[in-house]
Amino acid sequence: MVNVSEAFTILASNGMSFDFFTTDGMDVIVQHTVMDTQMCLEDGVERILRARGRPAVMMCDRGTMDGSAYMERSKWEQLLKDRGTDETEIRDNRYNAVFHMVSAADGAESHYTLENNQARTEDADTARIMDRKTQKAWVGHSHLHVFDNSTDFEGKMERLSKSDAGPRADGMK
């Protein structure tokens, strides 16, 4: 298994700050850049894994639909139009399965922290709202699996590993 990091965290940890969002229109520019980076990372890892010629699993910390949770709907639709794509392509056709790990801010609040990710700035209430928006962004994917906080983190990971993802025959994404 190979993990693909979250593009926004990579950009933020390398100097892109939330101050960028104070400039009008930057939300769209930033989301274009995040999507470019995310897709480049995913496509590059997929290319490497396919070249090996063996089945593999690629897990993405975030996916292309996540950006929709951070924009007004009309701006998101325009972003997709500008890119010559649509939600079906980037949600349903790009990923075999979607595993949404519900934020600790929703059901395991005592474990929610900003300490383990410098790009995370949301208090627990905002994190809960954004987590629900992000989860909703993936509704419609035929293999959407949601893992709540009804168990500890190890139990959550065990439920994830036992889930039926319905992978494609080629084993990618």
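In the predicted model, residue G107 is found in the loop that runs between β3 and α5. Its relative accessibility is 48%, and because exposure is assigned only over 50%, G107 counts as partly exposed. The C-alpha atom of G107 is separated by 29 Å from that of V57, a residue that lies 50 positions apart from G107 along the chain.

Helix α3, which spans residues 73-83, has W76, L79 and L80 as its buried residues. Viewed down the axis of α3, these buried residues fall within an arc of 95°, so they line one face of the helix. The other side of α3 carries K81 and D82, both of which are exposed. The packing partners of the buried residues of α3 are α2, residues 26-52, and α4, residues 87-92. Just after the end of α3, G84 adopts a positive phi of about 70°.

Residue R83 also belongs to helix α3, and with a relative accessibility of 25% it counts as partly exposed. When neighbours within four places in sequence are left aside, R83 is in contact with H32, M35, D36 and M39. Between R83 and E158, which are 75 residues apart in sequence, the C-alpha to C-alpha separation is 37 Å.

The buried residues of α3 reappear in the description of the nonpolar interior. The largest nonpolar core is made up of twelve residues, namely M35, M39, M65, M71, W76, L79, L80, I90, Y95, V98, A137 and W138. At least two residues of this core are supplied by each of α2 and α3, and the largest share, three residues, comes from α3. Another core, of seven residues, lies apart from this one and has A7, M16, V30 and V34 among its members. Two residues can thus be placed in both contexts, M35 and M39 being members of the largest nonpolar core and also contacts of R83.

Attention then turns to empty space at the protein surface. Rolling a probe the size of a water molecule over the atoms shows where empty space is left. The second largest pocket holds about 230 Å³ of space, and its lining consists of 13 residues, of which S68, R73, K133, K136 and A137 lie nearest its centre. The elements that contribute two or more residues to this lining are α3, α4 and α5, the last of these covering residues 124-137. The largest share of the lining, three residues, comes from α5. Classified by residue type, the lining of the second largest pocket comprises six nonpolar, one polar and six charged residues. A137, one of the residues nearest the centre of this pocket, is also listed in the largest nonpolar core.

A further helix, α6, covers residues 153-161 and has G155, K156 and L160 as its buried residues. Seen down the axis of α6, these residues fall within an arc of 145°, so they line one face of the helix. The exposed residues E154 and S161 are carried on the face of α6 that is turned away from its buried side. The cover over the buried residues of α6 includes three strands, β2 at residues 58-60, β3 at residues 98-101 and β4 at residues 144-147.

Note on methods
Residues are numbered from 1 along each chain as its sequence is written. This is a predicted model: local features need pLDDT of at least 70, side-chain atom pairs count only at pLDDT 80 or more; totals for chains, interfaces and linings use all residues. Side-chain values use heavy atoms; hydrogens and water are left out. Buried means under 20% relative accessible area, exposed over 50%, partly exposed in between (1.4 Å probe, protein chains only). Helices (H or I, at least four residues) and strands (E, at least two) are DSSP runs, numbered from the N terminus. The arc is that of the directions from the helix axis to the C-beta atoms. Contact means heavy atoms within 4.5 Å. On a 1 Å grid over the protein atoms alone, a cavity is a set of points where a 1.4 Å probe fits but cannot get out, and a pocket is an open set with protein on both sides within 12 Å along at least five of seven lines; lining residues have an atom within 4 Å of a point. Grid points are joined across faces, edges and corners, and a volume is the space filled by probe spheres set on the points. Ala, Val, Leu, Ile, Met, Phe, Trp, Tyr, Cys and Pro count as nonpolar, Asp, Glu, Lys and Arg as charged, and the others, Gly among them, as polar. A nonpolar core is a set of buried Ala, Val, Leu, Ile, Met, Phe, Trp, Tyr and Cys residues joined through side-chain atoms within 4.5 Å.
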